[in-house]
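Q: Could you walk me slowly through one part of this model, starting with a loop and following its connections outward? I'd like to know which residues are covered, which are open, and what packs against what.

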Amino acid sequence: HILKMSTWNGINRLKSIYSLHPFDGVQVLTIMLGTRVISTLRTEVEFALGDDLQNLDAGWLAIRDWLLTYRPPRTDWSKITSCIQKSNEDIQDFEERFLQTWMEYSGMTLAEETDTWDASNLNPLKTAFVAGVKPEVSDALNLVLPSWAKTGTYRDIVDRC
């Protein structure tokens, strides 16, 4: 909560010094947090500004309120490494559970909103998935596609399992 308030105080100070528009505040936060995180903020600020985009006080309040509720990505690799396929779990159910765990605890986001994890070549994602499947599944993958870590997307690897 303190970090959020110090971020707000810093942006508020910039606003006062440079007479910034709320969209400028969104740009500052975009640099700090990345475009994917900020897309909802921009929409909220646009709505608060009104049709003529001139309700500046409401725009700045939208930024402050967003900052107070923003939850940065949590990183907890122990949650990811402990996500393993259960003995009675099929690969589709495990993959769904694994991807939920990955999105919640990896601290990583996709570069663009149009990207998908399926198309990802991200080695930590692929490696963590293969480490979590049943040993017989990972052994079979290593036989069928020994270079899985270097080639193929996440979806390629899931489909081979």
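A: Let's begin with the terms: a residue is buried when its relative accessible area is under 20%, exposed when that area is over 50%, and partly exposed in between. Please keep in mind that this is a predicted model.

Our starting point is Leu53, in the loop between helix 3 (35–49) and helix 4. With a relative accessible area of 31%, Leu53 is partly exposed, because that value falls between the two cut-offs. The backbone of Leu53 deserves a look too: its phi is near 60 degrees, a positive value in a residue other than glycine. For context, most residues other than glycine have a negative phi.

From that loop, we can move on to helix 4 (residues 56–69), whose axis comes within 9 Å of the axis of helix 2 (residues 22–33). The two axes cross at roughly 25 degrees. Angles under 35 degrees count as roughly parallel, so helix 2 and helix 4 are roughly parallel to each other. On the helix 2 side, Pro22, Gly25, Val26, Leu29 and Leu33 take part in the contact. Helix 4 meets them with Leu56, Gly59, Trp60, Ile63, Trp66 and Leu67. Sorted by class, this contact has nine nonpolar residues, two polar ones and no charged ones.

Stepping back along the chain, we reach Ser19, in the loop between helix 1 and helix 2. Ser19 also has a positive phi, of about 50 degrees, although it is not a glycine. Ser19 is exposed, because its relative accessible area is 65%. In helix 1 (residues 2–18) sits Arg13, which counts as exposed at 52% relative accessibility. Arg13 and Thr30 are 17 residues apart along the chain, and their C-alpha atoms are separated by 17 Å.

Now for another loop, the one between helix 5 (77–81) and helix 6 (91–105), where Gln85 is found. Gln85 is buried, with a relative accessible area of 9%. The side chain of Gln85 reaches the backbone oxygen of Glu89 at 2.8 Å. A polar atom of that side chain also lies 3.0 Å from the backbone nitrogen of Lys134. Leaving aside neighbours within four places in sequence, the contacts of Gln85 include Ile91, Phe94, Arg97, Val133 and Val137.

Gly132 is among the contacts of Gln85 as well, and this leads us to helix 7 (residues 123–132), where Gly132 is buried along with Leu125, Lys126, Ala128, Phe129 and Val130. The cover over the buried residues of helix 7 includes helix 5, helix 6, helix 8 (135–144) and helix 9 (154–160). In the loop between helix 6 and helix 7 we find Trp117, which is buried, with a relative accessible area of 9%.

Let's finish with the cysteines. The count of disulfides comes to zero. Cys83 is in no disulfide, and the nearest cysteine sulfur, that of Cys161, is 13 Å away. That distance is too far for a bond, because a disulfide needs the two sulfur atoms within 2.5 Å. Cys83 counts as buried at 4% relative accessibility, whereas Cys161 counts as partly exposed at 23%.

Notes. Residues are numbered from 1 along each chain as its sequence is written. This is a predicted model: local features need pLDDT of at least 70, side-chain atom pairs count only at pLDDT 80 or more; totals for chains, interfaces and linings use all residues. Side-chain values use heavy atoms; hydrogens and water are left out. Axes are lines fitted to C-alpha atoms, for helices over the stretch in contact, and angles run from 0 to 180 degrees between N-to-C directions. Helices (H or I, at least four residues) and strands (E, at least two) are DSSP runs, numbered from the N terminus. Angles under 35 degrees count as roughly parallel, over 145 as roughly antiparallel, 65 to 115 as roughly perpendicular and the rest as oblique. Contact means heavy atoms within 4.5 Å. Ala, Val, Leu, Ile, Met, Phe, Trp, Tyr, Cys and Pro count as nonpolar, Asp, Glu, Lys and Arg as charged, and the others, Gly among them, as polar. Buried means under 20% relative accessible area, exposed over 50%, partly exposed in between (1.4 Å probe, protein chains only). A polar contact is a pair of N or O atoms within 3.5 Å; within protein, one must be able to donate a hydrogen and the other to accept it, and residues adjacent in sequence count only if both atoms are side-chain atoms.
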